[in-house]
Amino acid sequence: MGNLDTLIQDLVIANRILARKEVVDAYGHVSVRHRENPNRFLIARSLAPELVGPDDIVELDLDGQPVRDEHRSLYLERFIHAAIFAARPDVMAVVHAHAEDTLPFGIAQEAKLRPVIHSGSFIGTEVPVWDIADNFGDTNLLVTNMEQGRDLAKCVGGNSVALMRGHGFAAAAPTLIEVVRASVYLPRNARALMRAKQLGGPIKYLSSGEIAARNRGYSPYSVETWRAWEYWAKKAGCGHMLTRPNDGQSHVANR
Ligand SMILES: [Zn+2]
């Protein structure tokens, strides 16, 4: 199987995992940068992630336009991905989702989403919030052009995730496996923080030293990380599509 085929398979797995983990439903999407041409990325056509198969993957440029004749509908918000890939050469994979547990932290002005559990350390000390109204006034809240996408990418900055006020989040990572992991654990961290706040009293967040220690110890292709990817893929019904990092190029070359 060629490099591109394994990358497409991995992207299908990512779609199915995010659906199975209820990070996405009918809406939300995941993309991966093209390996040979960094000015392109792969993403599904307009379809619920649970239903995505290899034939549904399309190739877009960094303006969010298809590189080949494409008569099928595309995601309206593909510009989120295009703009983040354009702004961040280090980013190889992007997720946009509307996960409900993250939403309160984009709405409540005083409540910051910060890491409180070990698996939430990737979010940094605090997640920035992008408000489309700041620069675009009254919209339907969707990111439907490059100008809006670039504004969001600016808010993401060098971070791994930004919340989108009243809408959802955008996550970016150096590999597909990491962006899926981040998108699974972001809502979990949000849930834990919300429940801890309900218990009352001061909240104990991860310290910057703990965040640094977690990041130092993390490797996207470690046995521990692969264990989660393999488990999630099998639970999502696509274990047969897995390519192990040591018997294919897909994961290693992705880095
Ligand atoms: Zn959206």
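# Talking through a predicted model

Tutor: Let's start with the sheet in this predicted model. Seven strands form an open sheet, ordered 3-2-1-4-7-6-5, with mixed pairing.

Student: What makes strand 3 and strand 5 stand at the edges?

Tutor: Strand 3 and strand 5 (129-130) each have a single partner strand, so one side of each has no neighbour in the sheet.

Student: How do you know that strand 2 and strand 3 pair?

Tutor: Two strands count as paired when there are at least two bridges between them. Strand 2 (residues 40-44) and strand 3 share five bridges, in the antiparallel sense. Look at Phe 41, whose bridge partner in strand 3 is Leu 60, or at Arg 40, which stands opposite Asp 61 of strand 3.

Student: And how do you know that strand 5 and strand 6 pair?

Tutor: The cut-off is at least two bridges, and strand 5 and strand 6 have two, running in the parallel sense. Val 129 stands opposite Leu 163 in strand 6.

Student: What joins strand 6 to strand 7?

Tutor: Four bridges do, and the two strands run antiparallel. One of the bridge pairs is Ala 162 with Ala 170 in strand 7. Strand 6 and strand 7 also form a hairpin with three residues between them, and Gly 166 in that turn has a positive phi of about 65°.

Student: Why do you say that both faces of strand 6 are covered?

Tutor: Check each side for buried residues. Val 161 and Leu 163 are buried on one side, and Ala 162 and Met 164 are buried on the other.

Student: Now the metal. Which residues hold the zinc ion as protein donors?

Tutor: They are Glu 77 (OE), His 96 (NE2), His 98 (NE2) and His 167 (NE2), at 2.0 to 2.1 Å from the zinc ion. To count as a donor, an atom has to be within 2.8 Å of the metal, and these are. Along the sequence, the spacing is E-x18-H-x1-H-x68-H. Glu 77 and His 167 link distant parts of the chain, 90 residues apart: Glu 77 is in the loop between strand 3 (57-61) and helix 2 (78-87), while His 167 is in the loop between strand 6 (161-164) and strand 7 (168-173).

Student: Why is the arrangement around the zinc ion called irregular?

Tutor: Four donors count as tetrahedral if all angles lie between 85 and 135 degrees. Here the angles are 97 to 138°, so the arrangement is irregular.

Student: Why does Glu 77 count as buried?

Tutor: Buried means under 20% relative accessible area. Glu 77 has 5%, so it counts as buried. His 167 has 8%, so His 167 is buried too.

Student: What makes helix 2 mostly covered?

Tutor: Eight of its ten residues are buried, among them Phe 79, Ile 80 and Phe 85.

Student: Let's try packing. Why is helix 6 called roughly perpendicular to helix 8?

Tutor: Helix 6 (residues 176-199) and helix 8 pack at about 75°, with axes 11 Å apart. Angles from 65 to 115 degrees count as roughly perpendicular, which makes helix 6 roughly perpendicular to helix 8. The contact involves Ile 177, Val 180, Arg 181, Val 184 and Tyr 185 of helix 6 and Thr 225, Trp 229 and Trp 232 of helix 8.

Student: Then why is helix 1 called roughly parallel to helix 6?

Tutor: Their axes come within 10 Å and cross at roughly 5°. Under 35 degrees counts as roughly parallel, so that is the name for helix 1 and helix 6. Residues meeting there include Leu 11 and Ala 14 in helix 1 and Val 180 in helix 6.

Student: Is Val 223 buried or exposed, and how do you know?

Tutor: Exposed means over 50%. Val 223 has a relative accessible area of 64%, so it is exposed. You'll find Val 223 in helix 8 (residues 223-235).

Student: What is notable about the phi of Glu 22?

Tutor: Most residues other than glycine have a negative phi. Glu 22 has a positive one, near 60°. Glu 22 lies in the loop between helix 1 and strand 1 and, at 68%, counts as exposed.

Student: Why is Leu 141 called partly exposed?

Tutor: Partly exposed lies between the 20% and 50% cut-offs. Leu 141 has 24%, so it is partly exposed. Leu 141 also has a positive phi, about 75°, although it is not a glycine, and it lies in the loop between helix 4 (132-136) and helix 5 (146-156).

Definitions and conventions. Residues are numbered from 1 along each chain as its sequence is written. This is a predicted model: local features need pLDDT of at least 70, side-chain atom pairs count only at pLDDT 80 or more; totals for chains, interfaces and linings use all residues. Side-chain values use heavy atoms; hydrogens and water are left out. Donors are N, O and S atoms within 2.8 Å of the metal (3.2 Å for Na, K and Ca); water is not among the atoms, so sites may look incomplete. Four donors count as tetrahedral if all angles lie between 85 and 135 degrees; four count as square planar and six as octahedral if opposite donors are over 155 degrees apart and all others between 65 and 115; anything else is irregular. Buried means under 20% relative accessible area, exposed over 50%, partly exposed in between (1.4 Å probe, protein chains only). Axes are lines fitted to C-alpha atoms, for helices over the stretch in contact, and angles run from 0 to 180 degrees between N-to-C directions. Angles under 35 degrees count as roughly parallel, over 145 as roughly antiparallel, 65 to 115 as roughly perpendicular and the rest as oblique. Contact means heavy atoms within 4.5 Å.
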